[in-house]
Each structure stands twice: as structure tokens, then as C-alpha cells.
Protein chains: 2
Amino acid sequence: MSRLHWEDFTPGQIAECGSRLITRAEIIAFAAEYDPQPMHLDEAAARANLFGGLIASGWHSCCILMRMLSDDFIGHASFMGAPGVEEVNWLAPIRPGERIKARATVLETRASRSRPDVGFVKFRFELVNATDQPVMTLIVSPMFGRRAPDSARGRGPKAASER
Amino acid sequence: MSRLHWEDFTPGQIAECGSRLITRAEIIAFAAEYDPQPMHLDEAAARANLFGGLIASGWHSCCILMRMLSDDFIGHASFMGAPGVEEVNWLAPIRPGERIKARATVLETRASRSRPDVGFVKFRFELVNATDQPVMTLIVSPMFGRRAPDSARGRGPKAASER
């Protein structure tokens, strides 16, 4: 199978990126290590909070998305990581026993100004629950290798006029 | 000790939030669970990458910061979580054996429009390495409880004029 390169992404494309059942054990294990707030750690303590029960850490949601993308997407692409994240929104809690799906929407693509073999793809990733309600959105612009490097770049006048 | 409330934060304040030694074992353990790319998992495979050796996942950096804040800051504050993250920048890799410090700068504060007992504090958090080079910055606006709820809010004309 041909790996996905920068040229394969077009604004408006939407892809499903797997599905995962979130267990109570993993919510608690993540919280114990990275975000030990009572609402992520302990069912009894969590009942007193705004959400009325145990919920996953927002950072856990990010990590779950990363793992889903790793399993279903990145391995099939010339993925080169991202210099950061543009925005994360935690819209609704993820509770134990929920099945979560990931969805990717391509927002825009742009060539790298400095590297003719690389381009950026801006995505909105969503985690949605079983009723198709988004529980998290994340905007990020990872780099991908280009199938056909832009040989014009870096050659005098043309390079100077690139946006 | 009095817990920190919304009123205790002022733009320009800077605080150190602990220090942590990042081990090879934890870099690999995180990657195996959440971000299994070779550069985060395997020293030999990582040597071939851009960074020339094993580096922590960017998501791991976020989780390390969250844990440092949990240990050194959140427990002493009326912290109520955040609805998301405004921006993350991964500026330099974190390598095994590096000691990382966290630093918080208050950028702005604003009262909640809907809840008189709550306010937002916008922070720039930085992880810096032993040479004081920032390796990650993160902008986020968590909510904190107010010591003195704004009793004017929600009372007719005054509420209507709030920004």
C-alpha cells in the first residue's frame, strides 16, 4: 500500500480513525501518573464534582487520540510530527465504559517555506462518543513528506514570491 | 495556609513550579502506551531521526507539566480545571536524564460572565531544561474559585453592561 504524502490531503476531506472503549482502570491509571485530581481518580470523591462521577483527564483524552492516530493513521503516512498544537477544546466528559471514535477533517494544506520536501496539513481532530457528540476537538498542523518535492523552491525569484 | 483564589493572581506574576528528572524508562513507558513512534521508543531507531537520539513525546511533556502543576500548585489553589488549551509549542526535545523545571507566568485574569464565584487566569507555562532553555510553552486559562464573589453580577443593569 502506498503511504500517504502531503499531496494526498485536500481541505474538506474527512476520515474516521478507529474506535476505542475507555475503561475505568485506564482512566484511574492515567490520573494516578499524570493528573491526580479526585474527579479522575476516585469514584466516591468524583460524585461530589460538577460532573457527578469519575471522568477521564483532558490530557488523557489527548493521549488516547494520539494513540488512536498512531494505530490507524500515522503508520500509513509520511508523518513527521508537529511543532505544537494550535487548540484543544474539552467539550464533554469521557466516562468509564464509553466507546470513543476519532475523526479527522483536513482544514488546509501548505508547503513548507524552508524545506521543499515537507508540507503542513492542518487538521481538526474530534473524539466523539457513542451518540456522536464531540467530547474533544484538537487543531494541529503536522508535517508530512512530499511525494514530489517542489524543485522550484529556493531558486531565486520564484522562492522570493512564495507566500 | 490560605489557598490561592482568583483574586491572588495578577498579570506579570512569575512562579517556579518544581523540578523533575526525566528518565529513559518513563519516556519509553509513556511512548509504548500513547505515542509509539520509534524516536520515542527505541534508542537505535531514534538515532536515525532528526534529533539523533531518543526524545520524549510532546504529549508526554504536556503530561509531565500537568503532574508538576498538580504536585506543586493545584493542591494549594481553588483550581477548577480548564475548558481546553489555547496553544502548545514544542520548542526543543527532552532527552533521557534531563532535569526539567516548570515556570508559570500570569498573562491576564478575567471574571466569569456566567458564574460570579469563578474567574479565569490565563497562564503561559514553560518547561525549561538545565540550561534554562524553554523546551515547551503552553497557554491555558483555567478557572479558579473567587474569594469574594462579585455580588453585583446578575443584578439587572450592571450585569447587562459587563464586557
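Here are a few friendly notes on this predicted model, to help you find your way around chains A and B.

1. Start with how the copies relate. Two copies of a chain are related by a rotation about an axis and a shift along it. Here, chain B superposes on chain A after a rotation of 180° with 0.0 Å of shift along the axis, at an RMSD of 0.0 Å. That is the relation of a two-fold axis. If you want a landmark in chain B, look for E87(B): its C-alpha is the nearest to the axis, at 2.7 Å. Both copies use the same surface, as 100% of the contact residues of chain B recur in chain A.

2. Next, try the strands of chain B. Strand β6 (residues 134-140) runs antiparallel to strand β3 (residues 87-90), and four bridges join them. Within this pairing, W90(B) stands opposite M136(B) of β6(B).

3. β6(B) has another partner, too. Strand β5 (residues 118-128) of chain B pairs with β6(B) in the antiparallel sense, over six bridges. One residue to pick out is T137(B) in β6(B), the bridge partner of E126(B). β5(B) and β6(B) form a hairpin, with five residues between them. In that turn, D132(B) has a positive phi of about 65°.

4. Finally, which residues touch the most other members of the largest nonpolar core? They are C62(A), L65(A), C62(B) and L65(B), in a core of 78 residues. Leaving aside residues up to four places away in sequence, C62(A) touches V88(A) and L138(A) in chain A, along with W59(B) and C62(B) in chain B.

Notes: Residues are numbered from 1 along each chain as its sequence is written. Chains are lettered from A and ligands numbered from 1 in the order in which they are written. This is a predicted model: local features need pLDDT of at least 70, side-chain atom pairs count only at pLDDT 80 or more; totals for chains, interfaces and linings use all residues. Copies are superposed by least squares on the C-alpha atoms of residues with pLDDT of at least 70 in both. Two residues are in contact if their C-beta atoms, placed from the backbone, lie within 7 Å. Two strands pair if DSSP finds at least two bridges between them. Helices (H or I, at least four residues) and strands (E, at least two) are DSSP runs, numbered from the N terminus. A nonpolar core is a set of buried Ala, Val, Leu, Ile, Met, Phe, Trp, Tyr and Cys residues joined through C-beta atoms within 7 Å. A residue is buried if 20 or more other C-beta atoms lie within 10 Å of its own, exposed if 12 or fewer, and partly exposed in between; C-beta atoms are placed from the backbone.
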